[in-house]
Amino acid sequence: MYLKKEIPFGNTTLSIETGKMAKQAAGSVVMRAGDTMLLATVTSGLEPRLGDFMPLTVDFISKMYAVGKIPGGYFKRETKPPESDVLIARLTDRPIRPLFPDGYSYETQIIVTVLSVGDENVYESLSMIGSSAALMFSHIPFQTPIAGAKVGRIDGKYILNPTLEEFEKSDIDLTVAASIEAIVMVEGEAKEVQESVIVEALAFAHEALKPVCQLQIEMMKELNIKKMESFEVLEYDDELVQSAKRFATEPLIKATLIKTKGERYDAYYKIKKETIAYMSEKHPDVDCSGEVEKALEDIKRELIRGRIIHEDLRIDGRNTKQIRQITSEIRLLPRVHGSALFTRGETQGLVTITLGAPRDIQKTETINGDIETSFMLHYNFPPFSVGEAKPLRTPGRREVGHGNLALRGLKYVLPAYEKFPYTIRVVSEILESNGSSSMATVCGATLALMDAGVPISKPVAGIAMGLIENGTDYYVLSDILGDEDHLGDMDFKVVGTKDGITSLQMDIKVKGLPEGVLSKALQQAKEGRIHIINEMAKAIAEPNKELSPHSPQFSELMVNSDKLGVLIGPSGKNIKKIIEETKADIEIKDSGSVRIFAPNLKSCQLAEQRVLESVLELELNQVYDGTVSGIREIGAIIQLPGNNSALLHISEIAHERVNKVEDYLKVGEVIQVKLIQQRDGKNSVSLKALLPVPEGVSTETQEEKRPFKKEDNYKKEDNYKKDGGKPFNRKPR
């Protein structure tokens, strides 16, 4: 059945259309806002994958045809998705995944394809709404629609789905997903805004998204969609589960009090083996491993959550507001440009800074145009960080997402590129992980940036907040552990300075949170963030004034714009020679600005010298280093600084008579000479003027020995003409 509905959506109109494209998918919709169109499809497997894991995959695919372009490079076909597509796929997955019914384990695939791109900045919004609508219009038992939107704020006014130009003026950039009941996902960045601004922005977004969720319900009813009434769920024998619980409860009570993660997990593993052995002996004809797994998970969940609710006591002995012990160390690695080791409890990140030249800028081709990035942050999560042995793979969606969150939180404190024109690459190697490794990346990156001498405006820290819901009571946890994330109801990461929030990310596992709980979580996060920044200051409180001696060096010179042609030389010959000789990158602007990026201080100083020499304006009676570039019968041609040349007359080579220039000079020889004459753009130099005068030798120059100067010759010629006489000293033709 074909159906199309429209609804106002910010400054545009949103349309949801189904029954026209991709009809063999379980559900498909075409989303449109202005000239931007996306196709969202969902399909599912015929048989369930029994287990606790929900096998959902979400892919967001942007194709260059959507903007009327052919992909650049040698291969004219899209292959590996850009990071922007990966991030939108994650944004779409996160709010949808928790809303599937418990026990549903059919392979489910959502594919969102960009069909057309207009000026509207609504990709994330249409992807989330389209995926939800495709699920709602399918047989899949997904019946809690969600909608998503971007939120900005200009001059205190909140805007739904601002354009890219409006975001330039906005102090927040949030992507919010919500059901009719509550906010379910948040991700974004801000320019050091207060916690109250975030709460107001979320409330604004929620009110705007409710009608879009309601429209999906109305369309589902009008389409008369028949949902899967029942599905196969992994069933457990309750009697066996209870038997396993009776055996394992006492040892698990002790195990969940072990503060060290490794020892605690070893204890869990031992209890699991003992429980399986006990159940196998008691029920030899039954495989009880599934029941044992469920029993242990249930017990841990009850014990860990119960202690927090009733005793304000967490796994490692902290209360709900305490932060784990923090240690920081800088300049660990001798050759890198900046480094820091940040440890918070059992989470540890080694972060390095590499400074590069403008040519190191990352260039990416996207449907929004070509993007150049001078600040990069790469997050790596090797398996040894959690004590596992797994094959190494290329960075996955989790690594991309965590790195992007940290990058967004740090970029607002970086110096303007015009003032610090370096390409900056941050790499975070997670060496240990027990919760909140992305926030350890933020803290470690701040320390490493200051160690490298990058003049950031303020230190930045990040903290992960958790939540335990107990009916109408909510318990907010600061600096959560991995188990508290797994067994809790919220993962809320907040990044910022002491003065405000710079980025955040929230995922919740409950149906919704009251506004007051969000406010409490943000305020508690602020307290923790300030504490962490104070602890970091014990290692380094402000950026180093000098760059590492191994860092590339930057220098900017201003030269006369009329001299740029001389500096560059014919076909770039001179500037290429300087670059080759000094190993420096040189950027020349029409304004006369010459920027030098050199691998070290020596290279930078040499490049400065060569540039200044190239544009040097020679001054009379000054001494210069020159190179003999040619020898003639009358003297030698001397190459001077600034691409200038001069004649060293044979009479100016030595005080004594010189018969052959070759007896005194060789091509390629470097000598010091004095500039003695400049006339009509031609230069004359003297070597003998710098040599000691032998006794009895006259110090008169060749010019001084002449009875008259050449210009006097022309004057006399003119006088002869006036008198009607013959030109002076002129031979007949």
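A charge sits over a ring if NZ of Lys or CZ of Arg is within 6 Å of the ring centre and within 35 degrees of the ring normal. In this predicted model, the charged end of Lys-261 meets that description, sitting over the ring of Tyr-265 at 5.7 Å from its centre. Lys-300 has its charged end over the ring of Tyr-268, 4.3 Å from the centre. The points below go on to ring pairs, an open sheet with its helices, and several paired strands.

**Aromatic rings**

- A pair of aromatic rings is described by the distance of the centres and the angle of the planes.
- There are 11 aromatic pairs in the structure.
- One of them joins Tyr-422 and Phe-597, with 6.3 Å from centre to centre and 90 degrees between the planes, an edge-to-face arrangement.
- Tyr-422 belongs to the loop between helix 8 (397-410) and strand 17 (423-432), while Phe-597 belongs to strand 24 (residues 593-598), so this pair ties together parts that are 175 residues apart in sequence.
- Both Tyr-422 and Phe-597 are buried.
- Phe-597 also pairs with Phe-554: the ring centres are 5.0 Å apart and the planes stand at 40 degrees, so this pair is tilted.
- Because Phe-554 lies in strand 22 (residues 553-558) and Phe-597 in strand 24, the tilted pair ties together parts that are 43 residues apart in sequence.
- Phe-597 has a relative accessible area of 5% and is buried, whereas Phe-554, at 24% relative accessibility, counts as partly exposed.
- Elsewhere, Phe-100, Tyr-104, Tyr-106 and Phe-142 are linked by ring pairs into a cluster.

**Val-594 in strand 24**

- Strand 24 also contains Val-594, which counts as buried because its relative accessibility is 0% and buried means under 20%.
- Leaving out residues up to four places away in sequence, Val-594 touches several residues, including Ser-555, Glu-556, Leu-557, Ile-586, Ile-588 and Val-611.
- Ala-584 is 10 residues from Val-594 along the chain, and their C-alpha atoms are separated by 12 Å.

**The open sheet and its helices**

- An open sheet is formed by 8 strands in the order 8-7-9-10-21-20-18-19, with antiparallel pairing.
- Its edge strands are strand 8 (157-160) and strand 19 (473-478), each of which pairs on one side only.
- On average, neighbouring strands of this sheet are turned by 20 degrees against each other, direction ignored.
- At one edge, strand 7 (residues 147-154) pairs with strand 8 in the antiparallel sense over 4 bridges, and Arg-153 has Tyr-158 in strand 8 as its bridge partner.
- Helix 9 lies across strand 18 (461-470) and strand 20 (490-496), and runs at about 155 degrees to strand 18.
- Helix 11 (residues 515-536) lies across strand 18, strand 19, strand 20 and strand 21 (501-508), running at about 145 degrees to strand 18.
- Helix 9 (residues 437-452) has 16 residues, which at 1.5 Å a residue should span 22 Å; the end C-alpha atoms are 22 Å apart, which agrees.
- In helix 9, 16 of the 16 residues are buried, so the helix is largely enclosed by the rest of the structure.
- Gly-453 follows helix 9 and has a positive phi, near 90 degrees.

**Strand 13 and its partners**

- Strand 13 (residues 347-356) is largely enclosed by the rest of the structure, because 9 of its 10 residues are buried.
- Strand 12 (residues 338-344) and strand 13 run antiparallel and are joined by 7 bridges.
- Opposite Phe-342 stands Gly-349 in strand 13.
- These two strands form a hairpin with 2 residues between them, where Gly-345 takes a positive phi near 65 degrees.
- Strand 13 is also joined to strand 17 by 9 bridges, and these strands run antiparallel; Thr-354 stands opposite Arg-425 in strand 17.

**Strand 27 and its partners**

- In a regular strand the side chains alternate between the two faces of the sheet.
- Strand 27 (residues 644-649) has Asn-644, Ala-646 and Leu-648 on a covered face, and Ser-645, Leu-647 and His-649 on an uncovered one.
- Strand 26 (residues 635-640) runs antiparallel to strand 27, with 6 bridges joining them; Gly-635 has His-649 in strand 27 as its bridge partner.
- The hairpin of strand 26 and strand 27 has 3 residues between the strands, and Gly-642 in the turn has a positive phi of about 75 degrees.
- Strand 29 (residues 682-686) pairs with strand 27 in the parallel sense over 2 bridges, with Val-685 in strand 29 as the bridge partner of Leu-648.

Technical notes:
Residues numbered from 1 in each chain as written. Predicted model: local features only at pLDDT ≥ 70, side-chain atom pairs only at ≥ 80, totals over all residues. Heavy atoms only, no water. Phe/Tyr/Trp six-rings, centres within 6.5 Å; stacked < 30°, edge-to-face > 60°. Buried < 20%, exposed > 50% of the residue type's maximum accessible area, 1.4 Å probe, protein only. Expected span 1.5 Å × (residues − 1). Pairing = 2+ DSSP bridges. Axes fitted to C-alpha atoms, helices over the stretch in contact; angles between N-to-C directions. Contact = heavy atoms within 4.5 Å.
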